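User: Here is a structure I would like to go through. I want the reasoning behind each label, not the label alone.

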Amino acid sequence: MEIKISISSRAGRATAKGIYTGKETIVKVGGTISEDFAEHIQGGKKAKSYRDNLEYVNNNGVIIKDCVFSSPSTAAQFVTGRSTNGYEAWKVDGKKSLGEFLKEEGLR
């Protein structure tokens with residue numbers, strides 16, 4: 001299963017596309033991450049490690065290498081810099097939340 005997903009922060013400064021496989025969430029090259037990052041968030045170590053690695057994110061906050069996460073929430077935290085429910089934040093076709101889509105398809 002590969003579901004194309006997208007995310008955008010409230011202010012629209014952080015935006016990314018990805019793929020949800022059921023086992024992992026892949027944030028694809030070309031998106032941008034928010035400037036700020038809440039250090040206290042759960043799952044933050046993995047998100048922060050990608051954010052701080054110039055092989056994955058350049059100095060302008062542009063994702064330059066795919067980033068793989070074990071959960072959609074950690075992937076969303078990586079992009080938005082905030083504690084985020086990935087099943088709500090990631091959208092399918094830009095409209096429906098990932099969680100809603102998975103329920104409708106009988107996958108969650």
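User: What makes tyrosine 50 count as buried or exposed?

Analyst: This is a predicted model. Tyrosine 50 has a relative accessibility of 10%, and buried means under 20%, so tyrosine 50 counts as buried.

User: Why is the pair of tyrosine 50 and phenylalanine 69 called edge-to-face?

Analyst: The ring centres are 5.0 Å apart, and rings pair if their centres lie within 6.5 Å. The planes meet at 70°, and over 60 degrees counts as edge-to-face. The pair is therefore edge-to-face.

User: Where in the chain are tyrosine 50 and phenylalanine 69?

Analyst: Tyrosine 50 is in helix 1 (residues 44–51) and phenylalanine 69 in strand 4 (residues 67–69). They are 19 residues apart, and the pair links distant parts of the chain.

User: Why is phenylalanine 69 classed as it is, buried or exposed?

Analyst: Its relative accessible area is 1%. The cut-off for buried is under 20%, so phenylalanine 69 is buried.

User: Which residues form one aromatic cluster with Tyr50?

Analyst: The cluster consists of Tyr50, Tyr56, Phe69 and Phe78.

User: Why is histidine 40 classed as it is, buried or exposed?

Analyst: Histidine 40 has 69% relative accessibility. Exposed means over 50%, so histidine 40 counts as exposed. Histidine 40 is found in the loop between strand 3 (25–27) and helix 1.

User: How do you know that arginine 108 lies over the face of tyrosine 87?

Analyst: Arginine 108 is at 3.7 Å from the ring centre of tyrosine 87; the distance limit is within 6 Å.

Conventions. Residues numbered from 1 in each chain as written. Predicted model: local features only at pLDDT ≥ 70, side-chain atom pairs only at ≥ 80, totals over all residues. Heavy atoms only, no water. Phe/Tyr/Trp six-rings, centres within 6.5 Å; stacked < 30°, edge-to-face > 60°. Helix = DSSP H or I, 4+ residues; strand = E, 2+ residues; numbered from the N terminus. Buried < 20%, exposed > 50% of the residue type's maximum accessible area, 1.4 Å probe, protein only. Lys NZ or Arg CZ within 6 Å of the ring centre and 35° of its normal.
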